[in-house]
Amino acid sequence: MHLEPLLISTDVLIIGSGAAGMYAAIEASRDGAQVLLADRSLIGRGGATVMAQMTVAVALGEETPDDPQYHYANTIAAGRGLCDDKLAQLLCEDAPECIREMDYWGVGWARKDGHITATTAPGHDRPRCVYVDFLNTGPAVSKTLRTAMARNPNIRKAGDLCVVDLIVSDGECTGAVAYHLGTGAPVLIAAKATVLATGGLTRLYARNSASTNMAGDGYALALRAGATLIDMEFVQFFPIGHLAPRLVGMDPIMWDPFRYKLGGQLLNGRMEEFTARYGSDEDGKYVLTRDLATYAITKEVEAGRDSPHGGAYLSFQHCTETQLRDAFGPVIDRLAANGIDLTKTPVEVAPIAHYHMGGVKADVTMASDVPGLFVAGEVVGGANGANRLSGNAVTEALVFGRRAGRSAAERCRRVPVPALRAQDTKAALDLINDEGADGSPANTAAAIADLQAVMTKDVGPFRTAATLNRALSGLAAITAEHGDHPAGEHGSFDMRRLDWFDMRNMLTVAHVVTQCALNRIESRGAHQREDFPQMSPQWQVRQRVALHDGKLAISTEPAAAKALAS
Amino acid sequence: MSAQGQKATLKIRRGAAGETTRFETYDVPFEHGQSVLDGLRWLRINKDPSIAVRYSCINANACKECMIQVDGETVYACTARLEPREMTLAPLPNKKLIRDLVTEIAPPSERFK
């Protein structure tokens with residue numbers, strides 16, 4: 001059965017409806033463009049934003065004097081010499097406006113004495129991180145943007161729309177080929193400008209802190225469309241992801257805000273403090289940066305001093321019930337419902353895949369190397385270098401989203417609605433209309449679990465040539481099983497088919513991450529090579545990845561020397 | 001922590017809009033503290049990847065996508081606890097069925113049309 005595609009035409013197509021996509025939609029429509037906001041899940045529900053329980057970095061200076069240049073200096077230092085100066089600068093300079101606009105839209109930033117209050121997150125030189133109580137930053141940001149969009153007739157929203165490939169005509173991006181999950185129907189979208197806001201790649205790892213739709217789709221879509229990826233080896237692991245006891249209805253990164261407010265003690269399996277052994281004495285305050293904390297916990301575990309489930313203990317036993325309730329109110333009840341009383345027992349934590357520093361190469365207008373293709377949010381590479389500073393993720397979603405929306409609308413005033421040519425959409429439409437693999441296809445959900453196991457075991461925060469080569473072999477075997485024909489059927493909500501299209505992207509991105517990690521023979525930020533433990537001045541370069549005739553081409557470019565701040 | 005050899009039995013209503021729906025029954029290893037969604041994810045990986053269920057955030061109860069009925073009661077699959085007994089899983093009765101446990105839950109203005 002060959003289904004004729006539905007054809008939609010728009011000024012701006014935005015793929016992904018987290019904070020970056022929604023802010024881009026609002027900004028593009030404000031500049032006069034008609035927008036189609038597409039998401040493979042429900043609008044404003046999936047992605048990373050809704051999961052962000054932590055803080056948002058912004059130099060507002062309401063309580064303590066601050067300036068974007070100080071925020072910038074901290075961002076650059078965290079990035080270990082690899083930040084793209086211009087993107088980092090944009091991130092810090094535009095942040096106050098975006099945060100204040102969110103405030104105007106009613107997000108509800110926590111206030112003290114009439115001022116938006118800020119906390120000091122690790123790596124910041126002063127209180128700079130705003131939040132919404134209690135553990136509600138991400139959901140509040142999502143809801144606020146959804147509500148702001150709801151009043152806007154120029155933003156058309158399309159949930160359950162899974163983009164298979166971008167359309168490229170004569171080197172320019174002219175839209176996307178997608179299918180509707182609910183019916184399986186193919187959809188062609190012609191757009192003057194396309195914004196990728198699909199987030200990162202944390203789903204490549206078994207233990208991760210983001211939604212199930214963060215599987216690197218945007219990187220793979222951009223790569224196949226001819227864009228350049230950079231810094232793909234830098235995956236940030238959040239050191240204190242919840243490990244045990246089993247906790248339902250809570251985000252695994254919930255312990256970070258607890259540490260901001262209450263300090264807390266990291267202890268090994270013998271109930272000893274250990275972070276000082278790795279060069280950082282906490283002294284009751286939360287100052288340990290993410291890469292150092294991940295290193296310290298992993299090394300304690302390797303030395304056999306782990307907690308029962310293979311991590312470290314995090315204790316708030318120094319706090320009274322009243323202190324806990326003052327700081328986290330209803331969250332304490334949710335913990336009690338899970339059988340956890342923090343005044344009596346510590347929890348167990350371990351590193352968890354959290355964020356990806358690398359991504360699509362973009363300039364300060366958020367334009368990729370492909371005319372007509374813009375990027376926003378975590379899918380953008382370079383702003384955070386080799387290690388992202390706490391609090392910069394939601395900030396970059398808002399700042400880059402707004403900028404991408406503006407740039408996309410600007411392009412719409414210059415170019416006509418593209419006429420799609422059959423030759424540019426045929427391959428993707430053929431995949432969508434494929435009758436499916438013969439025989440009994442392998443279990444697609446199990447294949448994803450296999451890929452996650454390879455990445456977790458061999459491409460985690462600590463790598464060696466041996467683990468990375470083993471990962472490349474493992475990925476090659478999974479790629480061979482994956483084949484060229486989609487699993488399942490093109491009917492309604494066939495999860496096997498969705499898994500297959502996800503895996504098509506995940507395999508590409510996993511391969512890129514692993515190959516870049518193998519190439520980089522040094523340790524820097526989130527990329528730690530145990531066989532090359534030192535940071536090397538020769539490697540103050542970015543790896544650029546492109547696809548040439550179906551083959552990966554990886555080259556290097558120097559990172560700005562001025563960024564070598566730590 | 002794990003209860004040795006215990007299992008949960010999930011009786012799942014299956015089928016797409018326009019088809020005659022049926023129940024299919026699967027056993028899932030039971031571990032204390034797991035959610036119904038944990039059981040469904042285990043089933044997809046180990047028994048049948050075609051079981052359709054909508055979810056994004058897995059565990060945080062943030063996306064609010066995994067609303068289904070368990071034993072006739074509307075719950076989030078990610079916070080409803082798995083229990084070592086037979087549990088009946090069905091799509092929301094008041095929403096348009098898409099397939100298996102997936103229903104049309106998006107507000108009309110956020111649907112693809």
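Let's start with one pair. Gln236(A) stands opposite Tyr355(A), and that partner sits in strand 15 of chain A. Keep in mind that this is a predicted model.

Now, what joins the two strands here? Strand 12 and strand 15 of chain A are linked by seven bridges. The two run antiparallel. Strand 12 is mostly covered, too: nine of its 10 residues are buried.

Step back to the whole sheet. There are four strands in it, in the order 12-15-14-13, in chain A. The sheet is open, and the pairing is antiparallel. Which strands stand at the edges? Strand 12 (235–244) and strand 13 (265–267) of chain A do. Each has a single partner strand, so one side of each is left without a neighbour in the sheet. Neighbouring strands are turned by 45° against each other on average, direction ignored.

A general point for your notes. In a regular strand, side chains alternate between the two faces of the sheet.

Look at another pair in this sheet. Strand 14 (residues 312–315) and strand 15 (residues 347–356) of chain A are joined by three bridges, and they run antiparallel. One residue to find on screen is Tyr313(A): its bridge partner in strand 15 is Glu348(A).

Next, helix 6 of chain A. It covers residues 255–262. Is this helix enclosed or open? Six of its eight residues are buried, so helix 6 is largely enclosed by the rest of the structure. The buried ones are Trp255(A), Asp256(A), Pro257(A), Phe258(A), Arg259(A) and Tyr260(A). What do they pack against? Strand 12, strand 14 and strand 15 of chain A. So helix 6 brings us back to strands we have just met. Just after the helix comes Gly263(A), with a positive phi of about 80°.

On to the second sheet. Four strands of chain A form it, in the order 16-11-20-21. Again the sheet is open and the pairing antiparallel. Its edge strands are strand 16 (359–360) and strand 21 (551–558) of chain A, and each pairs on one side only. Strand 11 (residues 229–230) is joined to strand 20 (residues 541–548) of chain A by two bridges, and these strands run antiparallel. Leu229(A) has Val545(A) as its bridge partner in strand 20.

Which helix packs on this sheet? Helix 14 of chain A, and it touches strand 11, strand 20 and strand 21. Its direction makes about 45° with that of strand 21.

Follow the chain past helix 14. Glu522(A) lies in the loop between helix 14 and strand 19 (528–529) of chain A. Glu522(A) has 16 C-beta neighbours inside 10 Å, so it counts as partly exposed. Leaving aside neighbours within four places in sequence, its contacts are Arg529(A), Phe532(A), Gln534(A), Met535(A), Ser536(A) and Trp539(A). For scale, take Gly44(A). Glu522(A) and Gly44(A) are 478 residues apart in sequence and 39 Å apart in space, C-alpha to C-alpha.

Now the core. The largest nonpolar core has 221 residues. Which residues have the most contacts inside it? Val12(A), Val195(A) and Ala376(A). Helix 14 of chain A gives the most to this core, with 13 residues. Domain 1 (242–351) and domain 2 (438–563) of chain A both give residues, so the core lies between them.

Zoom in on Ala376(A). Beyond neighbours within four places in sequence, its contacts include Ala20(A), Gly21(A), Val195(A), Met366(A) and Phe400(A).

How do the two domains meet? Their C-alpha centres lie 30 Å apart. Five residues of domain 1 are in contact with five residues of domain 2, both in chain A. Helix 7 (residues 290–302) gives the most to the domain 1 side, with four residues. That side divides into two nonpolar, two polar and one charged.

Last topic: the other chain. How many residues does each chain give to the contact? Chain A gives 39 residues and chain B gives 31 residues. On the chain A side, helix 4 (137–150), strand 7 (155–158), helix 12 (444–458) and helix 14 (495–519) each give two or more. Helix 12 gives the most, with four residues. By type, the chain A side divides into 16 nonpolar, 15 polar and eight charged.

Key
Residues are numbered from 1 along each chain as its sequence is written. Chains are lettered from A and ligands numbered from 1 in the order in which they are written. This is a predicted model: local features need pLDDT of at least 70, side-chain atom pairs count only at pLDDT 80 or more; totals for chains, interfaces and linings use all residues. Two residues are in contact if their C-beta atoms, placed from the backbone, lie within 7 Å. Ala, Val, Leu, Ile, Met, Phe, Trp, Tyr, Cys and Pro count as nonpolar, Asp, Glu, Lys and Arg as charged, and the others, Gly among them, as polar. Domain bounds come from an automatic or database domain assignment. Two strands pair if DSSP finds at least two bridges between them. Axes are lines fitted to C-alpha atoms, for helices over the stretch in contact, and angles run from 0 to 180 degrees between N-to-C directions. A nonpolar core is a set of buried Ala, Val, Leu, Ile, Met, Phe, Trp, Tyr and Cys residues joined through C-beta atoms within 7 Å. A residue is buried if 20 or more other C-beta atoms lie within 10 Å of its own, exposed if 12 or fewer, and partly exposed in between; C-beta atoms are placed from the backbone.
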